[in-house]
Amino acid sequence: MKGFFLIITCFIYCQLLGQQVRLISADMNKPAGPLKTVFNECVGAGRANEGLRADWQQQLAMTKKECGFRYIRFHGILSDDMGVYQEDSHGQPIYNWQYVDQLYDFLLSIKVKPFIELSFMPNALKSTDQTIFWWKGNVSQPSSYKKWAELIKQMVKHLEARYGRKEVALWYFEVWNEPNLTHFFAGTQSDYFNLYKITTEAIKEVFSGYRVGGPATAGSKWITELITYCADNHVPIDFIATHEYGVDGLGLDVAGTKLVRLRDDPDNIIKKVAMIKDKISKSVYPKLELHMTEWNSSWAPKDPFHQTYQQAAYVLNTIKGTEGLANSMSYWTFTDIFEEGGPVLYPFSGSFGLINFQGIKKPVYDAYKYLNELSPIELKNTDKSSWVCRSSKGDAQILFWDFSQADQGKAPDQEYYRNILPPKPGGKVVVNLKNIPNGKYRLVVNQTGYQHNDVYTSYLRMGTPEQLSVEQVIRLKHAGNGLPIVDKEIIISNHEFSTNYTMNQNDVYFIKLIRR
């Protein structure tokens, strides 16, 4: 009854003040089912060669430990800086897997599996000189499809010999990256389908159980066309992969000079994923897996929204809305050790990562950390901006947030989010959890929002230094240290837990009840 009176009191009080009350209510005895964990199935990174760096590996190991990602995808496993393919003076292939082995050995040592994007073209197989990025990934079609097929086959055979068929069968092979954009693929749609066919057949020749898919397009393009092509031509396909971002256009902005702004509809990615799922469901292969192998609020590499406190709530809103639609939502990227436009120039340049170059955790990192700490049993809950979960031993977690898109008018993100932006009030939230076992609990509450684990606002208050001193890095890491705002022992004696919070817009709260 205590919880009931708290709810009524809050409602009456807020009505008197003209405030809205949001109720998050769940019953420990009413599970909705297993928690869908598509949020940490996969994460992105810039390119394979960056994965040989010690700082990249340190950041991924930390991210794996705290956020739980099970797969990682990146560009350039076949590019020349990985040294996989050369030819001798007689045009005979020379294969070299040493860098690939070093990278994959590390990933598997921290229990992360490769989601292999098969790109880009080794120079010895290129048909044109067209490249992309500072590190010059060649995007041409192979000069010899026979040699390309043999390269793929030899690579897969090597992976199988080193790691075992049972292990490699758990990986994914994605053919190329964004072939619908001419700066990523020097060819037409039919050229890509031919590349897909030859690549897939080479992989399946080693073992038919290996998983291959595409089209890895920008903006959810070519989905129906690829499925139809595979059906008509008896080409294997195991999954659909594509990309979506929350700003207008399909873009590449290596230099970071294009101005973008978030779409007015905050659910636009959710609607796109639902549309893709519907296309698959109505196709001749309705049970194909769907992997969003890149997604983020923006495709611009210098969009400051990536590092704001608002990004954490945006990500949670999108992940919640895509529950049950995709098999994975691969956030692009886990780190700002990312060199598409060259070495990172500034500590907070607007790059994609959950973590910046210096290892400072952005607010969005907390969103993934909180998600990873949810127990495997989700409880029924009608609130659309929250998860309530429990473990088999009686622990419980409540993760909730307010996502409110700013009214930035026509101002691009690169202007609007370069400012300190205090939030508006977000209203009262009442949390009520019924039928929780009586006893002692440790109550831990974390908050991410304006000036709470908000390293970007702290950086703005520093005056946006272009280079950080050791002391400044320490101060910023302290500002995002993730320490709880509440950590205390409580006793539950009436099988009920109730509390309430006055939120600001774009706040994220994470409540943990740890049974003693």
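Let me start with one residue pair: Gln397 stands opposite Lys512, and Lys512 belongs to strand E22. The strands behind that pair are E17, residues 396–401, and E22, residues 508–515; they run antiparallel and are joined by six bridges.

Before going on, the ground rules. This is a predicted model, with local features needing pLDDT of at least 70 and side-chain atom pairs counting only at pLDDT 80 or more, while totals for chains, interfaces and linings use all residues. Residues are numbered from 1 along each chain as its sequence is written, and side-chain values use heavy atoms, with hydrogens and water left out. As for the labels, helices (H or I, at least four residues) and strands (E, at least two) are DSSP runs numbered from the N terminus. Two strands pair if DSSP finds at least two bridges between them.

Now the sheet that holds E17 and E22. It is open and has seven strands, ordered E2-E15-E16-E17-E22-E19-E20, with antiparallel pairing. At its edges stand E2 (31–34) and E20 (486–492), each pairing on one side only. From one strand to the next the twist averages 25°. Angles here run from 0 to 180 degrees between N-to-C directions, and axes are lines fitted to C-alpha atoms, for helices over the stretch in contact.

Which helices lie across this sheet? Helix H9 lies across E15 (377–379), E16 (386–390), E17, E19 (439–448) and E22, and runs at about 110° to E17. Helix H10, residues 363–372, lies across E16, E17, E19 and E22, at about 155° to E19.

H9 also has a helix partner. The axes of H8 (residues 268–281) and H9 (residues 309–321) come within 9 Å and cross at roughly 25°. That makes H8 roughly parallel to H9; the classes are under 35 degrees for roughly parallel, over 145 for roughly antiparallel, 65 to 115 for roughly perpendicular, and oblique for the rest. The crossing of H8 with H9 is right-handed, meaning that the near helix is turned clockwise from the far one by less than a right angle. On the H8 side the contact (heavy atoms within 4.5 Å) is made by Asn268, Ile269 and Ile270, and on the H9 side by Tyr314, Asn317, Thr318 and Gly321. These residues divide into three nonpolar, four polar and no charged. Ala, Val, Leu, Ile, Met, Phe, Trp, Tyr, Cys and Pro count as nonpolar, Asp, Glu, Lys and Arg as charged, and the others, Gly among them, as polar.

A second helix pair is H2 (residues 54–67) with H3 (residues 98–109), packed at about 25° with axes 10 Å apart. That makes H2 roughly parallel to H3, and their crossing is right-handed. Trp56, Gln57 and Leu60 of H2 meet Leu103, Phe106 and Leu107 of H3. The split for this contact is five nonpolar, one polar and no charged.

Next, the other sheet. It is open, with three strands in the order E1-E18-E21 and mixed pairing. E1 (21–27) and E21 (496–504) are the edges; each has a single partner strand, so one side of each is left without a neighbour in the sheet. The twist averages 15° from one strand to the next. E1 and E18, residues 425–434, run parallel and are joined by seven bridges. Leu23 stands opposite Val430 in E18.

Last, strand E3. Is E3, residues 42–47, mostly covered or mostly open? Mostly covered: six of its six residues are buried, that is, under 20% relative accessible area, where exposed is over 50% and partly exposed lies in between (1.4 Å probe, protein chains only). Four bridges join E3 to E4, residues 71–75, and the two run parallel. Val43 has Ile72 of E4 as its bridge partner.
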